Amino acid sequence: MKYKTLAFFLTAVLLSGCAQGGAQGQADTGTQQNAIQQETSVPVAEELGGTQSFEAQDMDGNTVSSDIFGESKITMVNVWATYCNPCLSEMPELGELAQEYDAGEFRLIGIISDVPENADEEIMGLAKDLIEQTGASYTHLPINQSLYDALLEDVTAVPTTFFFDENGSLLETVVGAREKSAWKEKIDELLENG
């Protein structure tokens with residue numbers, strides 16, 4: 001079945017819990033008990049290509065592909081989950097950041113790691129409600145095999161955030177939540193150096 005790998009990934013993410021940065025405090029009990037407490041920032045320089053291109057549907061059914069990276073100098077891809085408190089806590093500020101930059105300079109995309117593209121109305125409704133409640137009015141993509149193969153194969157915790165340039169080159173990966181000021185500093189640095 002084509003979603004066998006996807007199901008394995010979702011199970012792994014659910015079992016690993018959330019990663020959180022120091023700015024968000026200690027992990028809650030329950031699902032996040034095994035949360036990764038360490039912040040990580042790993043610079044890389046890889047080209048997206050071949051099997052790493054993707055195509056997915058956003059929450060409104062519009063097709064989004066890896067060509068979207070060419071529309072902005074920097075694209076931030078934030079991988080989150082509906083059960084992850086650090087993910088949800090940072091989303092209001094991510095929504096603010098998405099509005100503060102010109103789309104030709106910076107774009108933000110969310111990938112919902114625990115909501116498959118073909119999910120039923122109840123699960124999709126939950127994701128849409130969380131997006132609305134947090135004010136995260138940027139593009140969000142439910143996960144599918146194409147996204148998993150291109151971007152999420154090595155993701156071990158949420159939130160995980162990737163930064164891409166306009167050529168689809170992966171510039172940096174950050175594991176854990178951050179405050180708006182830290183994200184803004186990172187975005188400005190990447191825009192300045194790009």
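Guide: A residue is called buried when its relative accessible area is under 20%, and exposed when that area is over 50%. The model here is a predicted one. In strand β6, residues 139–143, four of the five residues are buried, which leaves the strand mostly covered.

Visitor: Why is lysine 186 called buried?

Guide: The relative accessible area of lysine 186 is 16%. The limit for buried is under 20%, and 16% falls below that limit, so lysine 186 counts as buried. Lysine 186 sits in helix α5, which spans residues 180–193.

Visitor: Which residues does lysine 186 touch, leaving aside those up to four places away in sequence?

Guide: Lysine 186 is in contact with Phe163 and Glu172.

Visitor: What makes leucine 171 partly exposed?

Guide: Its relative accessibility is 25%. Partly exposed covers the range between the 20% and 50% limits, and 25% lies in that range, so leucine 171 gets this label. Leucine 171 belongs to strand β8, residues 169–175. Leucine 171 and isoleucine 74 are separated by 97 residues in sequence, and their C-alpha atoms are 9.2 Å apart.

Visitor: How many aromatic pairs does the structure hold?

Guide: There are five aromatic pairs. One of them joins tyrosine 101 and phenylalanine 106.

Visitor: Why is the pair of tyrosine 101 and phenylalanine 106 called tilted?

Guide: The ring centres are 5.0 Å apart, and the limit for a pair is within 6.5 Å, so the two rings pair. Their planes stand at 55 degrees. Stacked needs under 30 degrees and edge-to-face needs over 60, so 55 degrees makes the pair tilted. Both tyrosine 101 and phenylalanine 106 are buried.

Visitor: How do you know that the rings of phenylalanine 162 and phenylalanine 164 form a tilted pair?

Guide: Their centres lie 6.2 Å apart, which is within the 6.5 Å limit, so they count as a pair. The angle between the planes is 45 degrees, neither under 30 nor over 60, and therefore the pair is tilted. Phenylalanine 162 and phenylalanine 164 are both buried. Together with Phe54 and Phe69, Phe162 and Phe164 form one aromatic cluster.

Visitor: What makes β5 and β6 a pair of strands?

Guide: Strand β5, residues 106–116, is linked to β6 by five bridges in the parallel sense. A pair needs at least two bridges, so five are enough. At one place along the pair, leucine 141 in β6 is the bridge partner of isoleucine 111.

Visitor: Which helix joins β5 and β6 in a β-α-β unit?

Guide: Helix α3, residues 121–134, completes the unit, which is right-handed.

Key: Residues are numbered from 1 along each chain as its sequence is written. This is a predicted model: local features need pLDDT of at least 70, side-chain atom pairs count only at pLDDT 80 or more; totals for chains, interfaces and linings use all residues. Side-chain values use heavy atoms; hydrogens and water are left out. Buried means under 20% relative accessible area, exposed over 50%, partly exposed in between (1.4 Å probe, protein chains only). Contact means heavy atoms within 4.5 Å. Rings of Phe, Tyr and Trp (its six-membered ring) pair if their centres lie within 6.5 Å; planes under 30 degrees apart count as stacked, over 60 as edge-to-face and the rest as tilted. A crossover is right-handed if, with the strands pointing away from the viewer, the path from the first strand over the helix to the second runs clockwise.
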